[in-house]
Amino acid sequence: MRPDRDYIIQLLSTEGKEALQALYDKAYSVKKQFVGTTVYFRGLIELSNICAKNCYYCGIRSGNPDFERYQMSFEEALKEAKWCYDNHYGSLVIQAGEREDKPWTDFITRLITSIKEVTKGKLGITLSLGEQTEQIYRQWFQAGAHRYLLRIETTNQELYKKLHPADHSFEQRLNCLRTIKKIGYQVGTGIMVGLPEQTIANIADDILFFYDEDVDMLGMGPFIPHHGTPLKHLVDGFSNEKALELGLKLIATCRIVLKDVNIATTTALQALHPEGRELGLLAGANILMPNITDTKFREGYQLYDGKPCLDENANMCQGCLSRRIASIGETIGFDQWGDSKHFSPSK
Ligand code: SAM
Ligand code: SF4
């Protein structure tokens, strides 16, 4: 049944320590019932910070000249994928700025094919490479990728227009999401919360959108301002506590009303609090995306100010992560894809 909008607004409006704890506890019991307490890892490879787009909130937007652009070599990317496999991660996420040129789309196809080869088809591959043509989405699916993350960012079209240049189209993004679904990918989307002028009612409508579009996975997080963007005036006065609370409320509300989707506890939460990602798991998330990008590239992939673990390599992150997850009584689903229970290929 379609969730009730007023109920979603009520959940998102929860205030006060005790009421918030009760919200997170309720979400956790729904999570236990519908998806369990195994956390699935997706090793995150930040393949390139070259982007043709200029989203006003994003630190690596094309209009920011203040840092060097990089693209990982084929060998480097493959080495990181192999690391993921050798360390028993079930899946990886390949993320980058958006590019549609042929050298890039061919590079990705070749990379997916090789990752499948070197991991004997066992490593799950999620892509987060922005808007592409149907033909390219198909090409990558046929090469072996099976999940795609494309955040809608906000479903309020007025707000969408304010956050993007005129040639970035909400409709096109929506069409891409539907194409991805049609092809057979597990579909992930999401939003940022705490955007300027965004209301609780807007967020409730976003959650109804997730329901209506029947999405399988959610990657959502607080908006965090970056000094090199048109939204830099929001850096002063930004409250980590408020952003974290809103991010956790969003996860909990989505878990309560959408029940069986995969929900990621994102790096943006960790940027706001050292234990932000564990708090995300306790509020209902079940997917974690450890950053396995070589530290030499991390400085170049700063979407927002205060990105965590800039100089921590994947092995170091790995040790502290396992301890942190054990400390909250959850287990890690090593060597498993951890597909969304919501997904059914026949749908
Ligand atoms: N370029 C692809 C795309 O936009 O779909 C994938 C990479 S993009 C960096 C991944 C996500 O980063 C975006 O969907 C956006 O929600 C998030 N992001 C960008 N700037 C952000 C910010 N300042 N705070 C929080 N998240 C941000
Ligand atoms: Fe590029 Fe994605 Fe950042 Fe937009 S959010 S500027 S598409 S990397």
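**Reading the ligand site**

Me: In this predicted model, which atom of ligand 1 does a backbone N or O atom of A96 approach?

Reply: The partner is a nitrogen atom of ligand 1, and the separation is 3.1 Å. A pair of N or O atoms counts as a polar contact within 3.5 Å, so this pair from A96 and ligand 1 qualifies.

Me: Which atoms of Y57 and of ligand 1 are 2.9 Å apart?

Reply: On the protein side it is a polar backbone atom of Y57, and on the ligand side a nitrogen atom. E153 contributes through its side chain instead: one of its N or O atoms there lies 2.6 Å from an oxygen atom of ligand 1.

Me: How much of the accessible area of ligand 1 does the protein cover?

Reply: Ligand 1 on its own has 550 Å² of accessible area, of which the protein covers 93%. As for its location, ligand 1 occupies the largest cavity.

Me: How many residues surround ligand 1, and how do they divide into nonpolar, polar and charged?

Reply: The shell comprises 19 residues, with Y57, R151, E153, R173 and I224 the closest. By class, 11 are nonpolar, 4 are polar and 4 are charged.

Me: How many helices and strands does the chain have, and how does its radius of gyration bear on compactness?

Reply: The chain has 13 helices and 11 strands. Its radius of gyration is 19 Å, and the globule rule gives 20 Å for 347 residues; the two are close, so the chain is as compact as a globular protein of that length. Its C-alpha trace extends about 50 × 45 × 40 Å along the principal axes.

Key:
Residues are numbered from 1 along each chain as its sequence is written. Chains are lettered from A and ligands numbered from 1 in the order in which they are written. This is a predicted model: local features need pLDDT of at least 70, side-chain atom pairs count only at pLDDT 80 or more; totals for chains, interfaces and linings use all residues. Side-chain values use heavy atoms; hydrogens and water are left out. A residue is near a molecule or strand if one of its heavy atoms lies within 4 Å of it. A polar contact is a pair of N or O atoms within 3.5 Å; within protein, one must be able to donate a hydrogen and the other to accept it, and residues adjacent in sequence count only if both atoms are side-chain atoms. Accessible areas come from the Shrake-Rupley method with a 1.4 Å probe; for residues, only the protein chains shown count as cover. On a 1 Å grid over the protein atoms alone, a cavity is a set of points where a 1.4 Å probe fits but cannot get out, and a pocket is an open set with protein on both sides within 12 Å along at least five of seven lines; lining residues have an atom within 4 Å of a point. A molecule sits in a cavity or pocket if more than half of its atoms lie within 2 Å of its grid points. Ala, Val, Leu, Ile, Met, Phe, Trp, Tyr, Cys and Pro count as nonpolar, Asp, Glu, Lys and Arg as charged, and the others, Gly among them, as polar. Helices (H or I, at least four residues) and strands (E, at least two) are DSSP runs, numbered from the N terminus. The radius of gyration is taken over C-alpha atoms; the globule rule is 2.2 Å times the number of residues to the power 0.38.
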